[in-house]
Structures are given as structure tokens and as C-alpha cells.
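Biologist: Please take one close look for me at a single part of this model, and then carry on to the rest. I would like one connected account rather than a list.

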Amino acid sequence: MTENLLNELKNRLYEAADLGHAASVLNWDMSTYMPPKGAPQRGRAMATLNKLQHEKFTDPAVGNLLDQLETALGGRPAEDDAASLVRVTRREYDRAVKVPASLVGEISEVTSALYDAWTRARPANDFASLMPMLEKELDLFRQMANCFPGYQHISDPLINFSDYGMSAESIRSLFAELRAGLVPIVKAIAAAGGVDDSPLHQLYPEQEQESFGVEIIKDYGYDFERGRQDRTHHPFMTRFSGNDIRITTRFNENYLGDGLFSTLHEAGHALYEQGITPSFDGTPLGGGTSTGVHESQSRLWENIVGRSHGFWSRYYSQLQAIFPEQLNPVSLDEFYRAVNTSKPSLIRVDADEVTYNLHVMIRFDLELKLLEGSLAVKDLPEAWQSRYASDLGLTAPDDRDGVLQDVHWYAGIFGYFQGYALGNLMSAQFYDAALRANPSIPDEIAQGEFAGLRTWLTENIYQHGSKFTADELLHRVTGEGLGIKAWIKYIQGKYGGIYKL
Ligand code: ZN
């Protein structure tokens, strides 16, 4: 009886997921290969699919099945697969039924048009051309938030979609604590004098950059039989199913860091998705549990592993062999310091580990103001510049490297930026726990051996998909909740060494 109900629920969830699968393929294609003039019809097609998916998922029959299954599975422990499926589906179902399908469709359509316009506005440095559409987009997301009355701040419902259990208030207070711990380190590094990162700023042909990156992520364990890598404007990872998890990257021939670390970052997201229990596929359990936990994995593989001394002691000679002219004059230690240079910069995705969170805080604060309406879209570029001046001491030459740099607001991604900083904090907490369980991980990394770390992450984090919330996962894995201590200690240790603080 219970088995039949579960199968009926899963079949309904699979149908909704299949529509989502199709919409994701269209979205991936739009961001990689679609000819520029295909945008309007593509936008409509995606909107139709997203609306249909929403209708399938919010069918009252799904609610009925959940009611019956909650009774039938009442006594099972929280980590039971079926109980977890019902619990997590219930949470998403109750949320989804509050949002009309028409709003889902409208957001999807406006977002595709805005994204398409952004791909042209950024190179043209033309923020003004996006203003009417961005205003419309913000209005739609306010409508979305207003489907969940009773919030403290209008962004709370949106934050809750990405990082369940968090709110504008809880993040503000965490960020205040983080800023207090971070600013003295940033100042000490500035006082210590610069590290030379000129080795990274030479001509590095794209093809060779790509093959080196692919080599590394194969060693990490990214399965190209269940994924592929393509190029895009703003790198991302996307999951169509457990057997098709794709990443994208971009290259800058005059800067090695951009393509290489984007590749490692997106591969980290993909390792998480490829490690999820296959039977969760097509259900709300079959995906990473929160933006913060997802970013903890991309940042862990990009930074804690990919910018470590051990990692480069294994891979630097290989990189030198590919780029002998550029790198033979540069020693391993010089290269290690170059990839860990810390200085205030304008572009978030290229920012070093220390200053990165300051970029995130700027976006988080500005987005809250945009959503609450205390900052008008027309004043956004100036507000952006003034925060970069006060927080990082820098002014962008124009909006391309200012307010137009990140895709998020132009791709309908709101309530999301905090996840990057939460991810940094969690990456250090998870890595500490991995080291407690297996202290030889750093030695393994220095041999190009990643199975030990990946297996630990898979057993403790990846396999669970969305079974546990971020907070539950942190407590299970590390014995503590989210906090800044582990990350500050990691940064102090690493940068204290590099800058002799
Ligand atoms: Zn990411």
C-alpha cells in the first residue's frame, strides 16, 4: 500500500522533473550555443515549460499523496529515504502552491529577455538599456516574495529558497561578525606589501588552458561520461539528471586565473551533484541542499584544494611543460604566491579568498535595498561605485567592471548572493571535519590523489542530496552550526604564511 503511494508520488514528481529537465537544456543551450536572434522564442518556450512544470508539481493530487504518506510513514526516522522524500517534497510543495503558475511563467519570460539584453549591454557598457527590464524583474520578484506574507524583510522568502532557514537579519548579523574578523586581515596584508602576480598576466593560449583544466578536473573525479564542459559568458553548472551534469567556463588569454579557477569551481559544484544517491534522481531530494552548501563545495575544490601549496607542488611542473616560455622563469613558490595574491579588486569572480566576501556583502546589501525599494534602479551604478570606494578603496572605470559584471540580477537570481560567503565559511568547517577523519588528505592532494577527500565528502555530504538542510548537515558532519571561526583560522594560517604576518 505504502509502496504504491510512494510510486505514484514519484511518477508525478518525475513528470514535473522531466519538464524541468527540458527547460534546463534550453537554458543551457541559450547560454552556450544558441544564435543571438533565437532569444525571444526561446524565452517563450522556456516560460511554457516552467509553467507546465509548476502546474504538474502543484497538482492537488501531489498534496493528497503527501497527506496519505505522512500518515503511512509517520514512525520512520528522519534519515529514512522515503520519509525524507515526503518531508522535503512537502516543504517544496507548500511553497510552490503559494505561487501562481502565471507568475512563474512571467518571471521566466522576462528573465530570458533580460539575460539576452545583458549579454549585449555588458560589452557595450550600457546599463541604461537594461533599466526598464530590471525594474520589471524586481517588481516580479517583489510579487513572488509577497506570495509569502508575514516576512520580516521582503527578501526573506527569496533567501529562504536558496538558503533554507536563513533571513536578511540572520545574514546581516553573521556578515557583521565576519567583517569584523576579516578587515584586520585585509589591512595587515595591505601593510605587508604586494605579492607579484604578473606571472599570471601573460599570453596563455586558450586551447592549452582548457586542456590543463580538463586534466585536473578528471583527476578530481569529474565524470565526463556523465557531463561535459562548454563555454559561456558567466560560468555555471547545470544538472539535467544524475547522469548529465554539465559545467561551463570562459577563458581570458591574458590572464591564466580566470579560466583555470572557474573550471575548478564549477567542477566542485558538479562533483557534489554527481555524488548524489542515484535513486533520488527526478525528485526534490536529487539536487544539492542549499546555495551555501553548494558553494562550500565549489570553493573547497577551487581554493582549499586548487590554491594549496601541496596541489601546486604536484601540478606546477605539468603546467610549466605546457607554458614553458611563460612559466619556466617562475619558481613553484613564486607561482603559489601569485595564485594567492590578495589585494582589493573590482571583479568578484577573480577576487582572492580574503577579499572575496567583501564583494559578496556589497551585492547582498544593495540587493536588499533594491527589493525593499529604498534604492532605485537608476541609482544603482552610483551606489555600486560608492560601496566599492568605501569597502575596497576602488572605482571601476565603467559599469562593465561595476554593476554589469555579475549575471545574477539579469538572470532572475535574487536572494542568492549570501550563499557565496556562507559557502566559504562552510568549506572550512567541512574541510576541518574531513581532516579530523582522515589527516593524510593534504599528503594525498600533494600526490594528485583526490579519492580520499572525495569519498569522505560523498559519504558525509554529497550522497544525501537535499535530504538534510544546511544546518542539519553542518551539525551532523561537524558537530556545530554555521560560524566564522574555521574560515578565519584557515585564512590566518594560509595568508599569515604567504605574507609573513
Ligand atoms: Zn559557484
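Biologist: Which does lysine 500 count as, buried or exposed?

Modeller: The model is predicted, and what follows should be read with that in mind. Lysine 500 counts as exposed, because its relative accessibility is 69% and the cut-off for exposed is over 50%. Lysine 500 belongs to the segment after helix 21, which spans 485-499. The backbone at lysine 500 has a phi near 50 degrees, a positive value in a residue other than glycine. Most residues other than glycine have a negative phi.

Asparagine 125 is another residue with a positive phi, about 55 degrees, although it is not a glycine. Asparagine 125 sits in the loop between helix 5 (101-124) and helix 6 (131-146). With a relative accessible area of 28%, asparagine 125 is partly exposed, whereas lysine 500 is exposed.

For a buried residue, take leucine 366 in helix 15, residues 353-372. The relative accessible area of leucine 366 is 3%, so leucine 366 is buried. Leaving aside neighbours within four places in sequence, its contacts are Leu375, Leu380, Ala383, Trp384, Arg387 and Trp409. One of these, tryptophan 384, is 18 residues from leucine 366 in sequence and 7.6 Å from it in space, C-alpha to C-alpha.

The sheet comes next. It is an open sheet of three strands in the order 1-3-2, and its pairing is mixed. Strand 1 (229-231) and strand 2 are at the edges with a single partner strand each, so one side of each has no neighbour in the sheet. On average, neighbouring strands of this sheet are turned by 30 degrees against each other, direction ignored.

The two pairings can be described separately. Strand 1 and strand 3 run parallel and are joined by three bridges, and in that part of the sheet arginine 231 stands opposite threonine 249 of strand 3. Strand 2 and strand 3 (residues 244-249) run antiparallel and are joined by four bridges. A hairpin of two residues connects strand 2 to strand 3. Within this pairing, threonine 238 has arginine 246 of strand 3 as its bridge partner. Strand 2, residues 237-241, is mostly covered, with five of its five residues buried.

Helices lie across these strands. Helix 1, residues 2-32, lies across strand 1, strand 2 and strand 3, and it runs at about 145 degrees to strand 2. Helix 10 also lies across strand 1, strand 2 and strand 3, running at about 165 degrees to strand 3.

Helix 10 leads on to the metal site. The zinc ion is coordinated by NE2 of His265, NE2 of His269 and two OE atoms of Glu295, at 2.1 to 2.7 Å. In sequence, the spacing of these donor residues is H-x3-H-x25-E. Histidine 269 is in helix 10 (residues 256-274) and glutamate 295 is in helix 11 (residues 291-305), so the pair ties together parts 26 residues apart in sequence. Histidine 269 and glutamate 295 are both buried. The arrangement around the zinc ion is irregular, because its four donor atoms subtend angles of 51 to 135 degrees. To count as tetrahedral, four donors need all angles between 85 and 135 degrees, and the ideal angle for four tetrahedral donors is 109.5 degrees.

Helix 1, met above at the sheet, also packs against helix 3. Their axes are 10 Å apart and the packing angle is about 145 degrees, with a left-handed crossing. On the helix 1 side the residues that meet helix 3 are Thr2, Leu5, Leu6, Glu8, Leu9 and Arg12. On the helix 3 side they are Ala61, Val62, Leu65, Leu66, Gln68, Leu69 and Ala72.

Helix 3 (residues 60-72) packs in turn with helix 4 (residues 81-96), at an angle of about 140 degrees and with axes 10 Å apart. Helix 3 passes helix 4 in a left-handed crossing. The contact uses Pro60, Val62, Gly63, Leu66, Asp67, Leu69 and Glu70 of helix 3, together with Val86, Thr89, Arg90 and Tyr93 of helix 4. Val62, Leu66 and Leu69 of helix 3 therefore appear in the contact with helix 4 and also among the residues that meet helix 1.

Notes. Residues are numbered from 1 along each chain as its sequence is written. This is a predicted model: local features need pLDDT of at least 70, side-chain atom pairs count only at pLDDT 80 or more; totals for chains, interfaces and linings use all residues. Side-chain values use heavy atoms; hydrogens and water are left out. Buried means under 20% relative accessible area, exposed over 50%, partly exposed in between (1.4 Å probe, protein chains only). Two strands pair if DSSP finds at least two bridges between them. Donors are N, O and S atoms within 2.8 Å of the metal (3.2 Å for Na, K and Ca); water is not among the atoms, so sites may look incomplete. Four donors count as tetrahedral if all angles lie between 85 and 135 degrees; four count as square planar and six as octahedral if opposite donors are over 155 degrees apart and all others between 65 and 115; anything else is irregular. Axes are lines fitted to C-alpha atoms, for helices over the stretch in contact, and angles run from 0 to 180 degrees between N-to-C directions. A crossing is left-handed if the near helix is turned anticlockwise from the far one by less than a right angle, and right-handed if clockwise. Contact means heavy atoms within 4.5 Å.
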